[in-house]
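Please find below a colleague's note on the structure, set out as numbered points. The points take up a ligand shell and then a sheet with its helices.

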Amino acid sequence: MNPLYTVAEIRAVEYAAAATLPPGALMQRAGQAAANAALDLLPLSTAQARVLVLAGPGDNGGDALEAAAHLSYTGAQVTLIHFAPAEGRVSSDERQAALQRAKVSDARFREVADASIAATEWNLVIDGLFGIGLKRPLDGAVRALVETVNQLRCNVLALDVPSGLDADSGCVVGPDGVAVHATHTITFIGNKPGLHTCDGRDYAGLVDVARLEIDASHFAPASLHLNDVKFFSRHLQARRHNSHKGSYGNVAVIGGARGMSGAPILAARTAINSGVGRVYALFVEDALPCDPGQPELMCRSAGDFELNTATLVIGPGLGDSSAAHALLDQAIASDSVLLADADAINLLAGDAALQTRLAQRQAAVVLTPHPLEAARLLGSSIGAVQADRLAAARTLAARLQAIVVLKGSGTVIAAPDGKAVINTTGNPALATAGTGDVLAGLCGALLAQGWPQWEAALAAVWLHGMAADVLVTEGCGPIGLTAAELIPAIRTALNRMVQHHAR
Ligand SMILES: NC(=O)C1=CN([C@@H]2O[C@H](COP(=O)(O)OP(=O)(O)OC[C@H]3O[C@@H](n4cnc5c(N)ncnc54)[C@H](OP(=O)(O)O)[C@@H]3O)[C@@H](O)[C@H]2O)[C@@H](O)CC1
Ligand SMILES: Nc1ncnc2c1ncn2[C@@H]1O[C@H](COP(=O)(O)OP(=O)(O)O)[C@@H](O)[C@H]1O
Ligand SMILES: [K+]
């Protein structure tokens with residue numbers, strides 16, 4: 001189910017598979033797969049198609065040279081910009097063979113500085129500059145070429161990885177790096193995390209995997225996957241006729257410091273619209289008497305609430321007062337399933353003893369930090385978290401013995417045992433205040449309805465992103481989507497999924 005592999009894992013598979021195959025077989029297969037992917041993006045009459053192929057100095061360039069030769073035989077007008085290996089570096093045998101094939105084909109070799117590149121109406125650019133062997137930021141002529149290509153309006157097909165992007169982390173290799181903005185990526189042997197998180201979604205475009213016919217026995221079991229409905233669909237239960245509100249759990253959202261009452265209201269509204277039997281909005285200060293927009297919510301002062309009677313979602317707009325700290329302390333001491341978000345995470349970051357107690361809890365814990373909150377917990381910086389989102393999420397999950405949802409483009413969900421998932425739904429419409437509160441309320445709602453914490457986190461992140469995706473297709477975003485608009489879309493998505501998957 002959509003496994004993801006690190007560069008080290010891909011290298012191991014490549015090494016094992018190559019030992020059982022004729023020399024050059026994998027590069028030839030990669031080149032053929034790349035050419036097929038290119039043909040899918042070209043007009044039916046390839047004789048009219050102008051294709052610019054960029055071939056770098058390593059084996060990624062070899063794939064590009066193979067693809068260029070194949071495409072020229074279909075009649076496409078192929079222009080090749082070829083970077084030979086640096087002085088003192090030798091080409092692999094298979095790359096040399098690929099270069100020969102390209103030289104005897106009809107592909108035309110051009111100089112990198114050729115001014116007509118920017119002025120030509122290309123049908124497609126194929127980026128075979130660098131793949132998983134990228135070691136440093138792009139500079140010099142390559143950088144200038146990538147900047148030119150990024151100005152073109154045609155489709156760009158990246159081979160294996162968009163050049164300039166780190167295949168493990170999804171970061172553009174920097175400082176001050178550039179990378180190819182691909183519309184499509186065909187990635188070889190296995191899918192890679194860096195195509196799906198951090199900058200990855202912006203640079204990779206649509207990702208397709210060409211396994212190069214490598215036998216499954218060469219792949220070790222993956223500890224990282226793309227999110228998939230199959231991971232949680234068995235918990236999508238139809239409601240029993242003979243049920244009542246007590247059958248669907250209680251959620252208490254704890255937050256709402258002065259001036260921040262909207263955050264717990266958003267989370268609480270999401271919870272009631274996601275099927276919870278009873279929802280309380282608890283305020284650390286100045287409880288609202290009620291929520292006129294959602295009168296079903298029970299608004300109370302947090303100090304008056306018996307914390308053992310509900311699944312607790314603590315943090316939205318909680319603030320950092322001593323009362324807020326005391327509530328977090330009591331929530332951790334309770335027997336309730338606990339989701340900690342926002343200010344609850346900030347308070348935890350400043351209290352090592354509380355972190356230890358959180359890690360020792362018997363009842364389930366889910367944390368939903370955004371990168372800055374994760375950085376505070378780790379005692380690092382946003383830059384360090386984003387440079388390796390997987391490591392950040394896994395470290396926190398292991399340290400706090402909790403499911404950690406590291407939010408942002410390509411949200412990472414990690415468990416204490418190291419297993420992790422990258423989410424595929426969602427879009428930048430979500431980059432607006434309050435959407436994190438909605439996610440917290442949704443995940444809390446699933447927990448309250450009996451979902452195990454891992455599956456609740458996977459489903460919540462998936463549904464939250466899907467709701468945003470649907471709203472964007474309806475024109476309600478990405479510009480100007482509001483967090484509250486997500487709530488009915490989440491309800492619809494959840495009901496549709498139950499109708500589809502529940503027995
Ligand atoms: N082997 C196989 O069986 C298969 C491999 N496959 C393909 O091979 C790809 C991996 O090939 P690879 O290991 O040669 O690395 P690649 O990504 O081409 O780059 C390395 C070259 O770039 C250079 N270089 C690095 N960074 C640089 C920079 N910033 N600026 C300038 N130069 C830089 C580096 O030079 P050096 O640092 O050594 O000086 C070296 O020359 C993989 O992604 C897949 O597409 C498929 O065909 C399947 C079968
Ligand atoms: N560019 C984006 N692409 C996908 N999801 C995003 C993007 N920006 C934000 N999100 C999602 O929106 C939510 C924002 O949460 P958070 O930062 O806590 O916001 P708030 O505190 O305002 O509620 C998270 O679920 C995050 O993953
Ligand atoms: K590439």
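1. Which helix gives the largest share of the shell around ligand 2? In this predicted model, the largest share comes from helix H15, residues 435–448, which supplies four residues of that shell.

2. The shell around ligand 2 holds 18 residues, and the closest of these are Lys-407, Pro-428, Leu-430, Ala-431 and Gly-436. Sorted by character, the residues of this shell comprise ten polar, six nonpolar and two charged.

3. Turning to the sheet, seven strands form an open arrangement in the order E3-E2-E1-E4-E5-E6-E7, and their pairing is parallel. Strand E3 (108–110) and strand E7 (206–210) each have a single partner strand and stand at the edges, so one side of each is left without a neighbour in the sheet. Direction ignored, neighbouring strands of this sheet are turned against each other by 20° on average.

4. Within the sheet, strand E1 (residues 50–55) and strand E2 (residues 77–82) run parallel and are joined by six bridges; in one of the pairs between them, Val-51 has Val-78 of E2 as its bridge partner.

5. Two helices that pack on the sheet deserve mention. Helix H2 (residues 25–40) touches E1, strand E4 (124–128), strand E5 (155–159), strand E6 (184–188) and E7 as it packs on the sheet, and the direction of H2 makes about 160° with that of E6. Helix H3 (residues 59–73) likewise packs on the sheet, where H3 touches E1, E2, E4 and E5, and the direction of H3 makes about 155° with that of E1.

Terms used:
Residues numbered from 1 in each chain as written. Chains lettered and ligands numbered in written order. Predicted model: local features only at pLDDT ≥ 70, side-chain atom pairs only at ≥ 80, totals over all residues. Pairing = 2+ DSSP bridges. Axes fitted to C-alpha atoms, helices over the stretch in contact; angles between N-to-C directions. Contact = placed C-beta atoms within 7 Å. Near = placed C-beta within 6 Å. Nonpolar A, V, L, I, M, F, W, Y, C, P; charged D, E, K, R; others polar.
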